[in-house]
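Thanks for coming. I will go through some strand pairing today, so please have the structure open.

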Amino acid sequence: MRRKLLIGLTIVLLIGVTMWLIPAQAQQPAPPPSWKQGQPAGMAESMLAPIAQPPAPKAPGEIPVDKIKVPPGFKVELWAHGINNARAMTWGDKGTLFVSSRVAGNVYAIVDKSGTREVKTIAKGLNLPNGVAFKDGTLYVAEIHRITKMAGIEDKLDAPPQMEVVYETLPKDAPHGWKYLAFGPDGKLYFNIGAPCNICLPPDTHANISRINPDGSGFEYWAHGVRNSVGFDWHPVTKELYFSMHARDWLGEDVPSDRFDHAPKKGMHFGFPFCHQGDIPDPEFGKGRACGEFAAPLIKTGPHVAGNGVMFYTGSMFPAEYQNRVFLAQRGSWNRTQKLGFRVMMVTLRPNDVPKYEPFAEGWLQGQEIWGRPVYTSQMKDGSLLISDDYAGAIYRVSYQK
Amino acid sequence: MSHVARTGGYKRGASRPPFSKTIKAVLIAAVALSGARVDAADVEAGRRKSAPCASCHGADGNATIPGTPSLAAQPTYFTHWQLIKFRDGRRKDAQMSPFAVNLTDEDMGDLAAFYAAQPARARDSVVDPSRAAAGRELVDRHHCSSCHTPTLAGQQQVPRLAGQDLQYLLKLLRGFKAKTASDLDGTMTMAAQPLTPEEVDSLAHYLASLPAP
């Protein structure tokens, strides 16, 4: 009897404890928004947060192009404006410049009509359509969850065709879900699938650069451990892939550095989330791993600078030393009290030596105030350079005269 | 002028200060300042252009119809981005969508400036006090103030929640939970996922119970 009572009491007690534990579990804090995730307790008072995207492009009078400083002999002009959230650029065969956006959800076509640029919105309401690539008369667009195409688009700019789905077996995660899209020298379409977080152990399907055939077949991963790369290009001679990578936030003002990387072969791992900038183990995910396991960065490009567009210069307008030089557009920091980036850097690869890394265009940041954010570059037929600015909704043209 | 988002940095789990007169005064000053920053012509143009909106949203952006949001004292970026989304079809509403279709970018800027400059008044939402009480701590646990600010007055592209209409808050929060509401960058859809249906309701009741800043 006594034993039964004891058992009964134990059961009651167990139920009680369980009942108490369940609501306690429900009281667990929910995850913070992804930009705030990974913020250490000691930084809880930080006012740092991503820079808000203005809903409208700036008027030409509000765009101080003269503040952009370039090397001697170069000249900067405002080439096009009124392109809300202008991001990646790609050229059509017939001279149309296609421009992507991110939160604006639009894809634009810019047509040069005897010196004035006409901006047409050819697709709208899309899911962060950051990636645009063009081949054989067809425009390809990468949103978060799918890649689509518009055949014969250059002849139908005023009545764009339906977007035809090329590939849609993609994660739907919004954080780092927007894509850069480009054709490799192998004719395949390359794009990033970013980590769905600031810092986390991502699923195997994330934190990579991937590729497919233009018909949507043959999906495969190219590079792993890539937190988020929204800019890459292939060396004009070696045909090898180079890319920019954004590093994690909330580890400090000066660390970790963003990266410029080289992925000459399939299957390399670039460290995320275990190791940052090639030599800083992650405080949480770096345990039991060594930075030596992963590919080291070719260049540490600076903390929080947000390197986006990567483009090898092959034009004939700029001086000879610019041949095969990389333009690296840095959209600029938010996770840093002293702003850094907001500039276009250049990288000169040198045999048997470290690459040379130096500024090309600066001035979007004045003191701690910004008036624009350079995101991508593109080369014009005449060899001049276009720079897109998603904050001002504008495109600048840089030309050179001896 | 820089458009740095003034979000972040508010201690998790810390109780929010009561809406003291000082805070109210600061908020009114902030609203006045943000209004002053906008070109005066824009606000006046926005006032004229808002005439067709008045029958639902109120002449000064303070709506009275349950389920219709108040636009008064909403941040300019917020209103502007929502109008863009209605126009391009990312956000759909049988009543609202037809109005947005023909708006120009300039119209949107003017309307957003006008509504941001209007002082907000509380709604006549019938709030359940026990639900509101349950919702209070959910605001901390779910990091609402990280983006919406500690007073839930909103900022930049992030809307004011304090004193918004109960039925509208319920509709939107349930939509985010169901992944059917339109989201500029996915943040709200993610934020709503851990909420239970009861918590969604409690949160809406609490937000509706707050005084309009």
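In strand 13 of chain A, which residue is the bridge partner of Ile209(A)? The partner is Ala223(A). Before going on, some ground rules. This is a predicted model, where local features need pLDDT of at least 70, side-chain atom pairs count only at pLDDT 80 or more, and totals for chains, interfaces and linings use all residues. Residues are numbered from 1 along each chain as its sequence is written, and chains are lettered from A and ligands numbered from 1 in the order in which they are written.

A strand here is a DSSP run of E of at least two residues, numbered from the N terminus. Two strands pair if DSSP finds at least two bridges between them.

Strand 12 of chain A covers residues 208-212. With strand 13 (residues 220-224) of chain A, strand 12 shares 4 bridges, antiparallel. Strand 12 also pairs with strand 11 (residues 189-193) of chain A, through 5 bridges and again antiparallel; there, Leu189(A) has Ile212(A) as its bridge partner. Of the 5 residues of strand 12, 4 are buried, so the strand is largely enclosed by the rest of the structure. Buried means that 20 or more other C-beta atoms lie within 10 Å of the residue's own, with C-beta atoms placed from the backbone.

Now the other sheet on my list. In chain A, 4 strands make an open, antiparallel sheet in the order 1-29-28-27. Strand 1 (74-80) and strand 27 (374-379) of chain A each have a single partner strand, so one side of each has no neighbour in the sheet. Strand 27 is joined to strand 28 (residues 385-389) of chain A by 5 bridges, and Gln379(A) stands opposite Leu385(A).

Methods
Buried ≥ 20, exposed ≤ 12 C-beta atoms within 10 Å, placed from the backbone.
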